[in-house]
Amino acid sequence: MTESDEAFLADLGRAADLIEAHSYEILALYEAELRAADHVIVGDPVALRQALAHADQILADILTSLRAGQVQVDRRHGILARTIGVSRAANGVHPHESIMAASFFYGAVLATVSRLLTAFTDPVGLFSAIALTLERSISMRIREAMGSYTAFLLEKMQDVQLEERRRIARDLHDRIGHGISVAYRNLELFGLYQDSDPAKAAARAETAEKAIRETMQNLRAVTSDLHSKETLKNLEKALLHYLETADCEGVDVRLQTSGDERWAQPEVLDEAFLMIREASHNALRHADASVLLISVTITPHEFRASVEDDGCGFDPRQRPESGGVGLSSMRERAGLLKGLMLVNSRIGLGTQVEFLIPLEKAAPAS
């Protein structure tokens with residue numbers, strides 16, 4: 001090693017000591033630059049602390065590299081980079097903002113270092129060594145952060161796709177399956193009454209035809225996603241219409257409503273109709289009930305509905321042989337509205353399905 005090489009290594013060590021002594025100044029300048037630019041991370045105390053900790057780790061890489069005489073980047077610091085990537089992805093911070101923050105720090109380091117190195121014999125050589133380590137350290141952290149950022153978004157995309165599949169399954173079951181079930185049941189009754197009571201048979205055929213037409217309309221709405229734009233106009237009328245077309249023969253069906261529907265958001269009424277209809281359908285088809293009571297109460301802060309029958313009941317702890325998909329669908333719909341579905345049933349003692357949905361502040365009734 002030549003005398004000039006030894007002198008340069010000594011200068012590297014001195015430069016490291018000098019930068020370490022001014023590290024607080026560099027971090028303060030970095031934070032000031034972020035605030036002057038009104039950078040997005042300044043508004044989030046956690047994000048700002050992460051950025052400053054990240055900057056401190058990069059300075060540590062510079063000090064280690066200068067004292068070793070070669071570039072050394074501590075890859076253990078990548079843990080924080082990955083955490084930052086996930087945090088910024090979760091908060092919707094675009095990668096461009098991270099690049100801009102890195103640029104501000106790069107500028108703060110070089111501005112301070114260029115001033116500190118003026119008294120050294122080879123300031124250009126020292127400046128180059130520092131800039132090289134700075135670039136390597138920042139690049140490694142950006143790669144780590146972008147990897148975790150992308151992984152987080154991919155995971156969220158998979159969650160969205162899964163939820164969309166579940167939504168489609170709910171809509172097919174509640175909007176399409178119901179209509180097909182109604183049509184099928186009425187066609188069964190048509191065959192039963194065809195010879196003994198032609199008038200009843202004709203009425204059942206007409207109901208089946210109407211159910212098929214409505215099912216075709218619902219299918220078009222589901223496939224074109226139009227149902228999300230066409231909300232229910234009146235819950236009570238929709239329930240009455242459903243009961244007119246349902247097979248309620250031999251069952252005393254009572255519908256009680258109270259409160260003002262304008263207190264509930266349209267999407268709540270739309271989802272509530274599907275839940276109440278499904279619970280009523282299960283009772284009419286599977287409970288062998290003599291009485292079915294449907295109750296809806298709407299207050300300014302809560303939507304409450306119950307479907308109660310005096311039928312055969314079932315054990316809620318066990319998956320019922322019929323209606324299992326319907327129960328899951330109703331529970332999911334209630335959950336999406338931040339509400340609850342409660343099932344109270346005992347074998348031989350009937351079933352009560354209750355829906356409790358919190359309401360946001362709606363327009364007051366006039």
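I began by fixing a term: a residue is exposed when its relative accessible area is over 50%. By that rule I noted Lys338 as exposed, because its relative accessible area is 75%. I kept in mind throughout that this is a predicted model.

**Entry 1: two loop residues with positive phi**

I looked up where Lys338 sits and found it in the loop between helix H10 (324-336) and S4. Its phi is near 60 degrees, a positive value in a residue other than glycine. For background I wrote down that most residues other than glycine have a negative phi.

I then turned to Asp288, which is found in the loop between H9 and S2, and I recorded a positive phi of about 55 degrees for this residue, which is not a glycine. Is Asp288 buried or exposed? I entered Asp288 as exposed, because its relative accessible area is 71%.

**Entry 2: the sheet and the helices on it**

I followed the strands next, and found an open sheet of 5 strands in the order S1-S2-S3-S5-S4, with mixed pairing. Which strands are at the edges? I noted strand S1 (252-258) and strand S4 (340-345), each of which pairs on one side only. The twist averages 10 degrees from one strand to the next.

Inside that order I looked at strand S3 (residues 302-309) and strand S5 (residues 351-358), which run antiparallel and are joined by 8 bridges. In this pairing I located Glu302, which stands opposite Pro358 in S5.

I also checked which helices lie on the sheet. Helix H9 (residues 266-286) packs on the sheet and touches S1, S2, S3 and S5, and its direction makes about 10 degrees with that of S3. Helix H8 (residues 235-245) lies across S1, strand S2 (291-298) and S3, and I noted that H8 runs at about 175 degrees to S1.

**Entry 3: H3 against H2**

I moved on to the helix pairs, reminding myself that two packed helices are described by the angle between their axes and the distance between the axes. For helix H2 (residues 23-36) and H3 I found packing at an angle of about 140 degrees, with the axes 11 Å apart. How should this pair be classed? Angles over 145 degrees count as roughly antiparallel, and H2 and H3 are therefore entered as oblique to each other. H2 passes H3 in a right-handed crossing.

I listed the residues that meet: Ser23, Ile26, Leu27, Tyr30, Glu31, Leu34 and Arg35 on H2, and Leu48, Ala51, Leu52, Ala55, Asp56 and Leu59 on H3. Sorted by class, this contact of H2 with H3 has 9 nonpolar, 1 polar and 3 charged residues.

From that list I picked out Leu52, which is in helix H3 (residues 45-68). I entered Leu52 as partly exposed, because its relative accessibility is 21%. Setting aside neighbours within four places in sequence, Leu52 is in contact with Leu27, Tyr30 and Glu31. The C-alpha atoms of Leu52 and Glu31 are separated by 7.6 Å, although the two residues are 21 residues apart along the chain.

**Entry 4: H3 against H4**

I then examined H3 with helix H4 (residues 78-90), whose axes come within 10 Å and cross at roughly 155 degrees. H3 and H4 are therefore roughly antiparallel to each other, and their crossing is left-handed.

On H3 I recorded Ala47, Gln50, Ala51, Ala53, His54 and Gln57, which meet Leu80, Ala81, Thr83, Ile84, Ser87 and Arg88 in H4. By class, the contact of H3 with H4 has 6 nonpolar, 5 polar and 1 charged residues.

**Entry 5: two buried helix residues**

I stayed with helix H3 for Leu66, which lies in it, and I entered Leu66 as buried because its relative accessible area is 4%. What does Leu66 touch, not counting residues up to four places away in sequence? I found Leu12, Gly13, Ala15, Ala16, Ile19, Ala129 and Ile130. I also looked up the separation of Leu66 from Gly311, and found the two 82 Å apart in space, C-alpha to C-alpha, and 245 residues apart in sequence.

My last lookup was Asn186, in helix H6 (residues 123-193). I entered Asn186 as buried because its relative accessible area is 1%. Leaving aside its neighbours within four places in sequence, I found Asn186 in contact with Arg204, Thr207, Ala208 and Thr245.

Technical notes
Residues numbered from 1 in each chain as written. Predicted model: local features only at pLDDT ≥ 70, side-chain atom pairs only at ≥ 80, totals over all residues. Heavy atoms only, no water. Helix = DSSP H or I, 4+ residues; strand = E, 2+ residues; numbered from the N terminus. Buried < 20%, exposed > 50% of the residue type's maximum accessible area, 1.4 Å probe, protein only. Contact = heavy atoms within 4.5 Å. Axes fitted to C-alpha atoms, helices over the stretch in contact; angles between N-to-C directions. Parallel < 35°, antiparallel > 145°, perpendicular 65-115°, else oblique. Left-handed = near helix turned anticlockwise from the far one by under 90°. Nonpolar A, V, L, I, M, F, W, Y, C, P; charged D, E, K, R; others polar. Pairing = 2+ DSSP bridges.
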